[in-house]
Amino acid sequence: MSRRLVSSLVRATVLGTIALGVSGCIGEEIRHGYQIDQAALATVKPGLSAEQVLQILGTPSTVSTVGNKSWYYISQTTSRTVLFLGESVQDQKVTAVYFTPGMKVERVALYGLQDGRVFDFIERKTPSSGADRAFLSQLFRGLTRYEPFGSGAGASIVPGARAGQ
């Protein structure tokens, strides 16, 4: 084989390997949560017991804690154009099974992306009241209210002290 042919084959192999590796990083559709089986969902009718619903649909994604008893089966489809970048929500479905006080199915409702806004079910963040102000602004706010000898209007910096003492 000629040297030119070998180098061309090596280049083609290297380019093919790189192209194959990069193609795995582009475009991905991800499905989260409960994937709705329409045939199974069609068998859930008013009057069924909670145990029967568990056998048909399985364990719900979440359950209501207030008001009437409701079970929610949640699914979400997201996509990303490049691997390791943020996901964008393409579709979100919530199947709600509402029960009577006797735990019999009252009705089944399907909610989609058009019925509400997208929210993160597991954010893993707890907002705090101090987060909206910067540390320095809180510090200076405390310094501007400091009155070493009182304001003369009966205010005192000593907790529990009465006015004028």
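**R107**

I started with R107 and asked how exposed this residue is. R107 counts as partly exposed, because its relative accessibility is 41%, which lies between the 20% and 50% cut-offs. I should jot down early that this is a predicted model. R107 has its place in strand β5. Next I looked up what R107 touches, skipping residues up to four places away in sequence: A96, V97 and Y98 turned up. For V97 I also took the C-alpha to C-alpha distance to R107, and got 6.1 Å for a pair 10 residues apart in sequence.

**Overall layout**

I then stepped back to the chain. I counted four helices and five strands. Reading from the N terminus on, I get the order α-β-α-α-β-β-β-β-α. The protein chain has 165 residues, and buried ones make up 19% of them. For the accessible surface I got about 12,700 Å², with 59% of that belonging to carbon and sulfur atoms. I also checked the contacts between residues at least 6 apart in sequence: 47% of them join residues at least 24 apart.

**The core**

Which residues have the most contacts inside the largest nonpolar core? The core has 13 residues, and the list I wrote down is V53, L57, W71, Y73, V97, F99 and V105. Two or more core residues come from each of α2 (38-42), α3 (50-57), β3 (70-82) and β4 (88-99). The largest share is that of α3, with three residues. A general reminder to myself: in soluble globular proteins, nonpolar side chains tend to be buried together.

W71 got its own lookup. With neighbours within four places in sequence left aside, W71 is in contact with A50, V53 and L54, then with P60, T62 and V63, and finally with T95, A96, V97, F99 and M103.

**Helix α3**

Since α3 gives the largest share of the core, I went through this helix by burial. Its buried residues are A50, V53 and L57. Why do I put them on the same side of α3? Because they cover an arc of only 55° around the axis. The general rule I had in mind is that an α-helix has 3.6 residues a turn, so residues three or four places apart point the same way. On the other side of α3 I found E51 and Q55 exposed. I also checked what the buried residues of α3 pack against, and noted α2, β3, β4 and β5 (105-111). Just after α3 comes G58, where I read a positive phi of about 90°.

**Two residues of β3**

S70 lies in strand β3. I asked whether S70 is buried or exposed. S70 is buried, because its relative accessibility is 1% and the cut-off is 20%. Not counting residues up to four places away in sequence, S70 touches T62, V63 and S64, plus V97 and Y98.

T77 is also found in strand β3. I have T77 down as buried, because 13% relative accessibility falls under the 20% cut-off. Its contacts, again leaving aside neighbours within four places, are E29, I30 and R31, along with S88, V89, Q90 and D91.

**Salt bridge**

D91 came up again when I searched for charged pairs: K93 forms a salt bridge with D91. The closest N and O atoms of the two are 3.1 Å apart. The count of salt bridges comes to one. How exposed is K93? K93 counts as partly exposed, at 38% relative accessibility. For D91 I got 26%, so D91 counts as partly exposed too. In general, side chains of opposite charge can pair when their charged atoms come close.

**Nonpolar patch**

On the surface I found a nonpolar patch formed by V6, V10, V14 and I18. Together they have about 320 Å² of accessible area. I followed up on V6, which has its place in helix α1 (residues 3-23). V6 is partly exposed, at 37% relative accessibility.

**L113**

My last lookup was L113, in the loop between β5 and α4 (135-144). L113 has a relative accessible area of 28%, so I logged this residue as partly exposed. How far apart in space are L113 and Q92? I got 5.1 Å from C-alpha to C-alpha, for residues 21 apart in sequence.

Methods:
Residues numbered from 1 in each chain as written. Predicted model: local features only at pLDDT ≥ 70, side-chain atom pairs only at ≥ 80, totals over all residues. Heavy atoms only, no water. Core = buried A, V, L, I, M, F, W, Y, C linked by side-chain atoms within 4.5 Å. Buried < 20%, exposed > 50% of the residue type's maximum accessible area, 1.4 Å probe, protein only. Contact = heavy atoms within 4.5 Å. Salt bridge = Lys/Arg side-chain N within 4 Å of Asp/Glu carboxyl O. Areas by Shrake-Rupley, 256 points an atom, 1.4 Å probe, with all protein chains shown as cover. Arc of directions from axis to C-beta. Patch = residues over 30% accessible without salt bridge, like charges linked within 9 Å, V, L, I, M, F, W, Y side chains within 5 Å.
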